[in-house]
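Me: I would like a close look at a single part of this model, with the rest brought in as context. Could you take me through it?

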Amino acid sequence: MNSQFKKGIIEMCVMSLISEKDMYGFEVIETLAKEIDVNENTVYPILRRLTVQGFFSTYLSSTGIAAPRKYYKITATGSEKVKEYQEEWSTFLKAVFNILGGNKR
Amino acid sequence: MKNKYLREIKEKLLAYEITTTELNDILSDYDQMFDDGLEKGLSDQEVIDFLGNPEKVVRELSESYILKSENKHRYSNKIVALMPFLTTVTYVILGLYFDLWHPMWLIFLLIPVVAIISNARTNIIQTLTALSPFIATVTFILLGTYLNAWNPAWLVFLIIPVLGVLNSKDFWKSFGFIVTILMACFIYLYAGYAYNAWGQGALAFFLPFAYGILTNDIKVSFGKGLLVKITVVLSLIIYFVFGFFFNTWGYLWMIFLAIPMVSIIRYSGKNARLVALMPFISTIIFFCLGYFFGLWAISWIAFLLIPVVAIIKNA
């Protein structure tokens, strides 16, 4: 698969995961890696860019005696973007299945 | 293993346009993710495989967004380029309308200061160390000019080695050096103010100096070479001896400019050498013309040598 295309999909997945619950960096990579053959070194740069773009905010939180972790939280702009992505993605998938013949009408 | 991994990421990131805050933030994130991986029971190598090798990580980071931050640097480079013009205009206005030719020539030090700040990539202590000669010079000249406190205002130059030694990773070495410097300052000031024994009090400065040499810390702030070390020792000796015997406190501070100058001559590339030396040469020309011949009103022109030489060398 084209790496840019895959990156775009991973970005969408990252946003979708964090819109469901706040997560820390390693948790995001781990969750994604369970489902997709993800090129791990692309996940953190994506997290960082989306934070810089204002789709995520971050905060520190610690559990027990461990050092505080940086958690990523979806912002209002981020939530809107996720909705937009989901709609675009579902329209796109429908169209692809139509072309590939996988979608029974 | 983790430290090596983080160090490699840091070294590779430094090749890009990146601010200190961004750099530290990225490193702290990878530090945390590495620990998270180890906590999950992965081995060092497994964590590295999981996070990506430093080369790939940095390439992805640079492709993702870091290169975009070049705009910010382009903007700050414009400010750096404008500084000679801005400072000259400000200086002429302050001189003509408020007769502040001296000591407002200090405003020209903003040229290298702004350049250092805008190019600050490493940690805050390293940036402050680079700025410390300028901070010390400004404080020294202002205290000397307005309060006639050349002595003990020269003590402010001690922030240069103090900040330099703070770059050391060995906490106790730094701590010991700073404590000996503070002790020496206290002894010097007490002997001076209580008994008017400035000369004897100054002997206390052999304490941090000896400590610095013993622990090999002196080199942290002044470079590694013997030549630079000798310059440091000679500058201190000349400054003190001439100060006490000939009362040259007011202008012999320029001898300390020899330390960075020797360092530049010794370690910088041939092409960059003259440009790097110009701020110091200009300061010496400016101060000598002003101090010895009362030519403050025109001697500031010496600072124009900085951009002129830079332009000629880069042309």
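Where in chain B is Asp99(B) found?

Reply: Asp99(B) sits in the loop between helix 5 (70–98) and helix 6 (101–104) of chain B. Helices here are DSSP runs of H or I with at least four residues, strands are runs of E with at least two, and the numbering starts at the N terminus. Before going further, please keep in mind that this is a predicted model, in which local features need pLDDT of at least 70 and side-chain atom pairs count only at pLDDT 80 or more, while totals for chains, interfaces and linings use all residues. Residues are numbered from 1 along each chain as its sequence is written, chains are lettered from A and ligands numbered from 1 in the order in which they are written, and side-chain values use heavy atoms, without hydrogens and water.

Now back to your loop. Asp99(B) has a positive phi of about 50 degrees, although this residue is not a glycine. Its relative accessible area is 57%, so Asp99(B) counts as exposed (exposed means over 50%, buried under 20% and partly exposed in between, with a 1.4 Å probe and protein chains only). Asn148(B) makes a nice companion: this residue, too, is not a glycine and has a positive phi of about 50 degrees. Asn148(B) lies in the loop between helix 8 (124–147) and helix 9 (150–153) of chain B, and with a relative accessible area of 59% Asn148(B) is exposed.

For contrast, look at Thr180(B) in helix 11 (residues 171–195) of chain B. Thr180(B) has a relative accessible area of 11% and is therefore buried. Beyond its neighbours within four places in sequence, Thr180(B) is in contact (heavy atoms within 4.5 Å) with Leu207(B), Pro208(B) and Tyr211(B).

The chain around these residues has 19 helices and zero strands. Chain B has 315 residues, of which 45% count as buried. Of the contacts in chain B with a separation of 6 or more, 62% come from residues 24 or more positions apart. Its accessible surface is about 16,600 Å², with 68% belonging to carbon and sulfur atoms (areas are from the Shrake-Rupley method with a 1.4 Å probe, and for residues only the protein chains shown count as cover).

Helix packing within chain B is worth a stop as well. Helix 2 of chain B and helix 3 (residues 44–51) of chain B pack at about 125 degrees, their axes 9 Å apart. The axes are lines fitted to C-alpha atoms over the stretch in contact, and the angles run from 0 to 180 degrees between N-to-C directions. This angle makes helix 2 of chain B oblique to helix 3 of chain B, given that under 35 degrees counts as roughly parallel, over 145 as roughly antiparallel, 65 to 115 as roughly perpendicular and the rest as oblique. On the helix 2 side of this contact are Tyr30(B), Met33(B), Phe34(B), Gly37(B) and Leu38(B), which meet Asp44(B), Val47(B), Ile48(B) and Leu51(B) in helix 3 of chain B. These residues divide into seven nonpolar, one polar and one charged (Ala, Val, Leu, Ile, Met, Phe, Trp, Tyr, Cys and Pro are nonpolar, Asp, Glu, Lys and Arg charged, and the others, Gly among them, polar).

Helix 2 (residues 20–39) of chain B also has a partner in chain A: its axis and that of helix 3 (residues 43–52) of chain A come within 12 Å and cross at roughly 135 degrees. That makes helix 3 of chain A oblique to helix 2 of chain B. Tyr44(A), Pro45(A) and Arg48(A) meet Glu22(B), Asp25(B), Ile26(B), Asp29(B), Tyr30(B) and Met33(B) there. The residues of this contact divide into five nonpolar, no polar and four charged. Helix 3 of chain A is mostly covered, with eight of its ten residues buried, including Tyr44(A), Pro45(A) and Arg48(A). After helix 3 of chain A comes Gly54(A), with a positive phi near 90 degrees.

As for chain A itself, it has four helices and three strands, in the order α-β-α-α-β-β-α along the sequence. Of its 105 residues, 38% are buried.
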